[in-house]
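Please keep the sequence and the model side by side while you go through the points below.

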Amino acid sequence: MKLDSLLIHGGIDGDNTTGAVNVPVYQTSTYKQDALGVNRGWEYSRTGNPTRAAVEKLIADLEVGKYGMAFASGLAAINTVLSLFKSGDKLLVSDNIYGGTFRILDNVFKNFGISYEIVNSSDSALIEAAIDDDVKAVYVESPANPLLTVTDIAEVAEIAHKHNKLLIVDNTFLTPYLQRPLSLGADIVIHSGTKYLGGHSDTISGFVVVNDKEIADRLYYLQNAIGGVLAPWDSFLMIRGIKTLAVRMERHQKNAQKIAEWLENSGYVSKVYYPGLKSDPGYEVQKKQADGPGAMISFVLKEEYDYRKFFKSLKLITLAESLGGVESLVCHPASMTHAAIPADIRKKVGIVDELIRLSVGIEDADDLIADLEQAIKS
């Protein structure tokens with residue numbers, strides 16, 4: 001089955017008992033057991049729920065994986081994956097990643113003796129040079145948040161596996177519609193389903209997909225033990241959102257390409273980060289490993305413009321956290337999504353005060369460009 005059809009009919013398609021075309025919402029915390037030690041496949045909804053199982057099977061199918069897990073948020077998914085590691089272990093981490101990922105590494109797992117080292121993952125040689133006996137995994141986003149840095153996933157996977165390390169890839173920005181890291185050699189794929197997979201800014205969720213049964217068994221154990229699972233109603237909403245992923249992503253990307261090209265030639269910005277531009281350093285790798293550049297753009301306003309007034313002057317585009325919804329959202333990474341990262345690290349990697357991150361929605365592209373232009377001019 002091709003991906004466009006799999007989005008709608010993958011996982012568990014409908015309900016065999018009633019013929020309902022949608023998976024029902026099994027809004028229950030527990031299940032009747034027929035006798036001691038005898039149940040019908042379900043015993044407690046933290047451990048397993050039919051609606052959640054349907055979306056877990058769906059995300060596994062889409063990522064060309066064998067085992068999927070659904071969580072109450074992207075960070076709940078990240079927390080569970082990081083719980084695979086123990087005191088003394090170290091992770092190599094992309095030098096620009098979501099601020100929440102940095103925060104949980106720096107302020108939570110570091111307290112348990114799990115350390116990290118920040119590396120420019122777009123340079124595979126730097127990753128190999130940083131690997132030592134303490135390193136157990138390489139953790140990357142590609143494209144990364146917020147500078148859209150592209151990592152050659154297959155190349156990094158080869159390096160990681162040569163040294164018997166895991167490769168963890170956050171695929172939130174592209175979704176399995178555009179990129180499938182397991183097929184490129186990744187061991188674990190993470191999603192904030194809150195973003196493009198849900199697509200409507202109305203559900204918080206997270207996903208993990210793997211192929212290896214041993215890793216899957218450990219993650220299922222941790223999922224149940226930690227308990228940050230996706231609720232039945234939210235599981236239903238995620239299935240509904242995923243059904244329109246293909247048509248949404250096509251429009252998202254078409255708009256983003258047009259806006260990125262306009263920004264690059266506008267004279268208002270000093271830099272545009274978008275791997276769909278030929279001028280972007282990640283352009284060729286992105287073409288090689290993904291089916292498109294996605295719809296996230298970051299850009300740096302020239303110093304003569306006041307970014308604070310820019311945000312206040314927007315009329316159509318919404319200033320808000322998050323991304324990936326049908327509506328266009330804009331944020332200020334330095335004070336919003338990446339505020340948890342120390343200022344010296346932000347400045348070193350390029351997360352400057354003038355940096356603006358734009359999640360391009362599915363509105364009319366000309367309307368979005370007009371709004372950006374009037375806000376900058378104001």
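1. In strand 5, which residue is the bridge partner of Y139? The partner is I168, and strand 4 (residues 135–141) and strand 5 (residues 166–170) run parallel, joined by 5 bridges. Strands here are DSSP runs of E with at least two residues, helices are runs of H or I with at least four, and both are numbered from the N terminus.

2. This is a predicted model, in which local features need pLDDT of at least 70 and side-chain atom pairs count only at pLDDT 80 or more, while totals for chains, interfaces and linings use all residues. Residues are numbered from 1 along each chain as its sequence is written, and side-chain values use heavy atoms, without hydrogens and water.

3. An open sheet of 7 strands, with mixed pairing, follows the order 1-7-6-5-4-2-3, where two strands pair if DSSP finds at least two bridges between them. Its edge strands, each pairing on one side only, are strand 1 (67–71) and strand 3 (115–119).

4. Helix 6 (residues 153–162) lies across strand 4 and strand 5, and runs at about 155° to strand 5; such angles run from 0 to 180 degrees between N-to-C directions, with axes fitted to C-alpha atoms, for helices over the stretch in contact.

5. S359 belongs to strand 12 (residues 355–359) and counts as buried because its relative accessibility is 1%, buried meaning under 20% relative accessible area with a 1.4 Å probe and protein chains only. The side chain of S359 reaches the backbone nitrogen of G324 at 2.9 Å.

Note on methods:
Buried means under 20% relative accessible area, exposed over 50%, partly exposed in between (1.4 Å probe, protein chains only). A polar contact is a pair of N or O atoms within 3.5 Å; within protein, one must be able to donate a hydrogen and the other to accept it, and residues adjacent in sequence count only if both atoms are side-chain atoms. Contact means heavy atoms within 4.5 Å.
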